[in-house]
Every structure is written in structure tokens, then in C-alpha cells.
Amino acid sequence: MNLRIGHGYDIHRIVPGRPLVLGGVKFDTDYGLDGHSDADALTHAACDALLGAAGLPDIGHFFPNTDPAYKGIDSQALLRRVTEELRARGWGIVNLDLTVIAEKPRLFIHIDAMKAALARSTGLPAAAIGLKATTNEGVDDIGRGLAIAAHAVALIEKT
Ligand code: MG
């Protein structure tokens, strides 16, 4: 068996006065996600799906939120490092399928920009990255605009 599948999930609280970064794209909002890094929940979910597929520990193991080295870090740097960790163990990425759940802002028109950023970080063609943006239809704290969550599935192959 040369294929492995992995799943990732992340959620971050929305807070005022932080930059909002999702999928490597910075949004022009007066609110952002709380977190030690740039708090890019979508990219963190992608990292965890890739690490999970390779049977590796999660993103918190590789990039502890107690380590000042990762304070405010661009999560694309984390995704590049995850891609390198997999490559070093003989794993190549086949595809990523991602869903981001946000009541605000409207993400639809930024899908291609996020896919392009994630493609740069992983070395994947944009066509190998699925990315859906949905709302939570007003339900629960995501629906009330208090948090943004993301799910990710990754397929990797032994190279
Ligand atoms: Mg996170």
C-alpha cells in the first residue's frame, strides 16, 4: 500500500484588531483570528491532515504555541516545513481537499488566491487542491461569527 489518507481540523476564535489570514491570504478586515501564529486555521487543518496521513504527531508537536520562534509566524512557513518533513520520509502529496467554515467575511471570491498560496507552499498544482468556503447558516458560535473553523483531507503516496 503506497497511499495514505489523513484528516485535519482546526478552529480559532475571531477577535478584534488582529489580521485575518486564511489559506495564506490576508483579508482586509478589522478582526482576525486569535492564536500564537498568524492563526490561519485553514492552513493548520491542512498541516494536520498531511501529518496525520504520514502517521506523524500533530502541528502542536512540531510548532509548539509556547515557543517564541512561532509567535506571529506566517503559517505558510509551517506548511512548507510539513511538506519537507513528509518529503524527508519519502512521502509526496497527491491532493488536498479543504473546507473552511466562516460566517464572515465572504470568502468565495478569494478561493483562487488561497489555492494559489497553498499550492506554492506544498508544491502541488492548484488543480490538486480542493477548497470550499461555506457558512454555518447562523448556527452555533461559528454561525454567530465568533470563530472560523476548517476541515482538511490529504492523500499522500510513497515516492
Ligand atoms: Mg490552529
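Colleague: In which helix is Asp140 found?

Modeller: Asp140 is found in helix α5; helices (H or I, at least four residues) and strands (E, at least two) are DSSP runs, numbered from the N terminus. This is a predicted model, in which local features need pLDDT of at least 70, side-chain atom pairs count only at pLDDT 80 or more, and totals for chains, interfaces and linings use all residues. Residues are numbered from 1 along each chain as its sequence is written, and side-chain values use heavy atoms, with hydrogens and water left out.

Colleague: What is the phi of Asp140?

Modeller: Most residues other than glycine have a negative phi, and most peptide bonds are trans. Asp140, which is not a glycine, has a positive phi near 60°. Its relative accessible area is 35%, so Asp140 is partly exposed; buried means under 20%, exposed over 50%, and partly exposed in between (1.4 Å probe, protein chains only). Glu137, in the loop between β6 and α5 (140-143), also has a positive phi, of about 55°. Glu137 counts as exposed at 69% relative accessibility.

Colleague: Which peptide bond is cis?

Modeller: The bond from Lys104 to Pro105 is cis, with omega near -10°. Pro105 belongs to the loop between β5 and α4 (111-122).

Colleague: How are the strands of the open sheet ordered?

Modeller: Strands of a sheet pair through backbone hydrogen bonds, either parallel or antiparallel. Here five strands form an open sheet in the order β4-β1-β7-β5-β6, with mixed pairing; two strands pair if DSSP finds at least two bridges between them. The edges are β4 (31-33) and β6 (129-134), each with a single partner strand, so one side of each has no neighbour in the sheet. From one strand to the next, the twist averages 20°. Axes are lines fitted to C-alpha atoms, for helices over the stretch in contact, and angles run from 0 to 180 degrees between N-to-C directions. β1 and β7 (residues 147-158) pair in the antiparallel sense over eleven bridges, and Ile5 has Leu155 in β7 as its bridge partner.

Colleague: Which residues are the protein donors of the magnesium ion?

Modeller: Donors are N, O and S atoms within 2.8 Å of the metal (3.2 Å for Na, K and Ca); water is not among the atoms, so sites may look incomplete. The protein donors are Asp10 (OD), His12 (NE2) and His44 (ND1), 2.1 to 2.2 Å from the magnesium ion. His12 lies in strand β1 (residues 3-16) and His44 in helix α1 (residues 41-53), so this pair ties together parts 32 residues apart in sequence. Both His12 and His44 are buried.
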